Amino acid sequence: MSVVAVVPAAGSGQRLGAALPKAFVPVGGVPILLRAVDGLLRSGVVDRVVVAVPAGQVGAARSLLAGRPVVVIVGGSDRTGSVRNALHAMDGASGGERAHGGERAGTRGGDAHTEDFGDIVLVHDAARPLTPPELTAAVVAAIRSGRHAVVPVLPLADTVKQVDGDGRVHGTVDRSVLRAVQTPQGFTRALLERAYDAAGSAATDDAGLVEALGESVHTVPGHASAFKITTPWDLQLAEMLLARTPE
Ligand code: C5P
């Protein structure tokens, strides 16, 4: 069973406040997107990557990722739309019946329409560039062992309160049953496609769409280094971690 990783990288990065789209912002001198894709490929378990970038950045992404088994497409107006475009592009490329959802931009030679886009699909935020390759391998191993949907999770360190619109506390949530969810999230391709076919509005993660089908989602231990770069603080943290760990 081959593995394709979908990398939604079409966010504007408004909360980061950078001049460039977030995926192209350098961390430790290397664009976030390049680190994310190379981390996936370094796991040794990913055969191909489909990257969704903002319209107008396809050329830049192709150049950045040249020489890698990567296809670049145009993302959507939200994360769900970007992943949906990637799934459509994969189906178009492997001869499936779906409509073509995204502008394709292969970075390798050859006939993209004969490429194999996999039975296992990972979805991994470009915004998590320091994700250890071992985490990707663990998610794929869990799918290969028979799970159909797998997410990496971490326990919560902070106490969690429920609040209303005025910021008044209405209760304390039992944090022992809560987990923070990371990516890559892994799925059998058939289940993820079914989840996206049924999806109504935008979801913050892909497993949520699988849950909405009533299907089981399983967990593997996440990793602190798989944190998402959202704010300037996160970027600074990533810079500091890279400075402490020579590559
Ligand atoms: O905004 P946030 O950090 O939650 O986005 C998570 C991931 O989804 C990022 O890698 C971002 O580039 C991607 N995204 C996307 N298309 C959008 C919005 C976000 O691919 N329209």
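**Ligand site and the Ser-43 loop**

In this predicted model, the side chain of Lys-22 puts an N or O atom 2.9 Å from an oxygen atom of the ligand, a polar contact (a pair of N or O atoms within 3.5 Å; within protein, one must be able to donate a hydrogen and the other to accept it, and residues adjacent in sequence count only if both atoms are side-chain atoms). With the protein in place, 85% of the 460 Å² of accessible area that the ligand has on its own is covered (Shrake-Rupley method, 1.4 Å probe). Residues are numbered from 1 along each chain as its sequence is written, and side-chain values use heavy atoms, with hydrogens and water left out. Local features need pLDDT of at least 70 and side-chain atom pairs pLDDT 80 or more, while totals for chains, interfaces and linings use all residues.

Two further residues hold on to the ligand at 2.7 Å: Pro-8 through a backbone N or O atom, facing a ligand oxygen, and Ser-82 through a side-chain N or O atom, facing a ligand nitrogen. Both also turn up among the closest of the 15 residues that surround the ligand, along with Ala-10, Arg-15 and Lys-228 (a residue is near if one of its heavy atoms lies within 4 Å). By class, that shell comes out as five nonpolar, four polar and six charged residues.

Away from these contacts, Ser-43 lies in the loop that links helix 1 (32-42) to strand 4 (48-53). Ser-43 is buried, at 14% relative accessible area (buried means under 20%, with a 1.4 Å probe and protein chains only). The Ser-43 side chain reaches the backbone oxygen of Leu-40 at 2.6 Å.

Terms used:
Nonpolar A, V, L, I, M, F, W, Y, C, P; charged D, E, K, R; others polar. Helix = DSSP H or I, 4+ residues; strand = E, 2+ residues; numbered from the N terminus. Buried < 20%, exposed > 50% of the residue type's maximum accessible area, 1.4 Å probe, protein only.
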